[in-house]
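Reader: I'm new to this one. Could you walk me through it, feature by feature?

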Amino acid sequence: MKAVILAGGEGTRLRPLTLATPKPVVPIADRPLLQHQLDLLATAGVTEIVFSVAYKPERVQRVFGDGSGVGCRIRYAVEDTPLGTGGAVRNALAHLDDVTVVFNGDILTDVDLPAVVEMHRRSKASATLVLTPVPNPAAFGLVETEPDGRVRRFVEKPDPSQITTDTINAGIYVLDTRTLELIPEAVNHSIERGFFPTLIGRGDRVMAHVHRGYWIDIGTPEKYLQVHRDILARRFPVALHGQAHRGGFVANSASIHASAQLTAPFFVGHGCDVAAGASLGPGAVLVSNVEVAAGASVRDSVVWDRALIGPQAQVEGALLGAGVRVGAHAVVRAGAVLGEDSILSDFSRSA
Ligand code: GTP
């Protein structure tokens with residue numbers, strides 16, 4: 001059993017953060033996004049993974065290499081033009097064996113992957129999909145199931161009378177690899193709208209595993225901030241590197257002045273420096289090597305590598321890319337998303 005992670009999208013909704021940093025390697029707390037996926041795959045014993053990439057693949061390769069640094073074997077299927085979710089899996093076929101786990105690279109979840117794989121094998125399905133309930137299913141494609149767990153049909157863009165279920169496709173599949181022959185080679189093809197309906201149409205057994213635990217698609221700034229709130233609140237359990245400290249979590253190499261005001265929850269990553277009288281939290285995530293100057297405050301925000309928050313500056317409800325410099329006394333308010341190396345001069349106001 002091997003896996004394909006779909007990670008070729010441009011991540012337009014997360015711009016400007018994704019202009020320099022492709023989504024597969026955006027930090028989620030203390031590690032790149034796809035590391036969380038590798039951790040989940042490892043729970044099911046999957047250690048050979050194909051990253052299906054198209055946008056800035058060299059950045060992804062620089063972080064993960066051949067996988068030996070993170071305990072697995074990673075290959076790359078690079079697309080010259082985007083092949084869509086189905087075409088991308090088809091493009092990885094040469095690297096796969098009998099059973100393939102497919103992950104949408106944008107999702108974070110605590111699904112019991114070994115149980116999904118077990119269900120797939122026990123039911124001898126051609127494909128097993130993970131479904132998850134959401135409060136607003138109409139915004140997604142619905143997946144209807146039979147009482148025995150078999151998938152009945154997909155309903156794209158349902159109108160109100162068609163909303164018969166609250167479960168949507170969670171973007172995790174276990175497939176009998178032979179079925180991928182159904183996908184035409186080297187053309188753009190959707191796994192959700194093309195491949196699965198074709199499988200069901202020809203009478204294959206397609207099963208659903210409903211996951212009622214944590215699930216999020218981090219593709220927008222709001223959701224990206226939300227997953228960090230969820231990690232800090234332990235709604236999404238991630239074992240962060242570092243030590244519990246005054247109600248938050250702090251990497252061993254970080255330094256926090258004794259007079260800093262800390263309000264749980266918060267996370268301070270490696271190499272960060274929080275100066276005298278600075279105020280952190282609730283909800284501050286300093287990814288790595290961030291400097292928070294004297295009297296500055298950061299709450300409910302995610303701040304990437306090498307950012308500098310100047311003296312007396314205030315940051316709240318914001319996403320700050322790598323190397324951002326917020327000048328002294330500047331105010332960055334809720335909803336701000338600052339791209340890599342942005343500079344806010346002293347006394348600037350973001351809104
Ligand atoms: P937006 O531009 O913000 O919509 O993001 P996106 O480009 O990532 O698109 P979307 O969120 O719809 O993609 C869902 C997942 O499928 C993401 O993990 C993408 O990386 C991946 N994906 C989408 N299209 C392709 C594709 O053509 N090729 C590959 N390899 N992956 C894709």
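Reader: Let me start with a proline. Where is Pro265 found?

Author: Pro265 has its place in the loop between β17 and β18 (266-268). Those labels follow a rule: helices (H or I, at least four residues) and strands (E, at least two) are DSSP runs, numbered from the N terminus. Before we go on, this is a predicted model, where local features need pLDDT of at least 70, side-chain atom pairs count only at pLDDT 80 or more, and totals for chains, interfaces and linings use all residues. Residues are numbered from 1 along each chain as its sequence is written, and side-chain values use heavy atoms, with hydrogens and water left out.

Reader: Thanks. What kind of peptide bond joins Ala264 and Pro265?

Author: A cis one, with omega about -5 degrees. Arg15 and Pro16 are also joined by a cis peptide bond, and there omega is about 5 degrees. Pro16 sits in the loop between β1 (2-6) and α1 (17-20).

Reader: How should I read the strands around that Pro265 loop? In which order do the strands of the open sheet with β17 run?

Author: Here's the general idea: strands of a sheet pair through backbone hydrogen bonds, either parallel or antiparallel. For the labels used here, two strands pair if DSSP finds at least two bridges between them. In this case the order is β17-β20-β23-β26-β29, an open sheet of 5 strands with parallel pairing. Its edge strands are β17 (261-262) and β29 (331-332), and each pairs on one side only. β17 pairs with β20 (residues 279-280) in the parallel sense over 2 bridges, and Gln261 has Ser279 as its bridge partner in β20.

Reader: And β18? Which open sheet holds it?

Author: That one has 7 strands in the order β14-β15-β18-β21-β24-β27-β30, and its pairing is mixed. At its edges stand β14 and β30 (337-338); each has a single partner strand, so one side of each is left without a neighbour in the sheet. Further in the list, β18 and β21 (residues 284-286) pair in the parallel sense over 3 bridges, with Phe266 opposite Ala284 in β21.

Reader: What does an antiparallel pair look like, say β9 and β10?

Author: β9 (residues 142-145) and β10 (residues 151-155) pair over 4 bridges. One of the matches is Leu142 with its bridge partner Val155 in β10. The two strands form a hairpin with 5 residues between them, and Gly149 in the turn has a positive phi of about 90 degrees.

Reader: Which residue in the loop between α7 and β14 should I look at for its phi?

Author: Try Arg234, in the loop between α7 (221-232) and β14 (243-245). Its phi is positive, about 65 degrees, although Arg234 is not a glycine. Gln312 is another residue other than glycine with a positive phi, near 65 degrees, and Gln312 is in the loop between β25 (308-309) and β26 (314-316).

Reader: Now the ligand. Which residues come nearest to the ligand?

Author: A residue counts as near a molecule if one of its heavy atoms lies within 4 Å of it. Of the 19 residues around the ligand, the nearest are Thr12, Lys23, Ser52, Glu79 and Gly84. Helix α4 (residues 84-91) gives the largest share of that shell, 3 residues.

Reader: Which backbone atoms make polar contacts with it, and how much of the ligand is covered?

Author: A polar contact with the ligand is a pair of N or O atoms within 3.5 Å. A backbone N or O atom of Gly8 is 3.0 Å from a nitrogen atom of the ligand. For Glu10, a polar backbone atom lies 3.0 Å from a ligand oxygen atom, and for Leu83 a backbone N or O atom is 3.3 Å from an oxygen atom of the ligand. As for cover, the protein takes up 80% of the 610 Å² of accessible area that the ligand has on its own, by the Shrake-Rupley method with a 1.4 Å probe.

Technical notes
A polar contact is a pair of N or O atoms within 3.5 Å; within protein, one must be able to donate a hydrogen and the other to accept it, and residues adjacent in sequence count only if both atoms are side-chain atoms.
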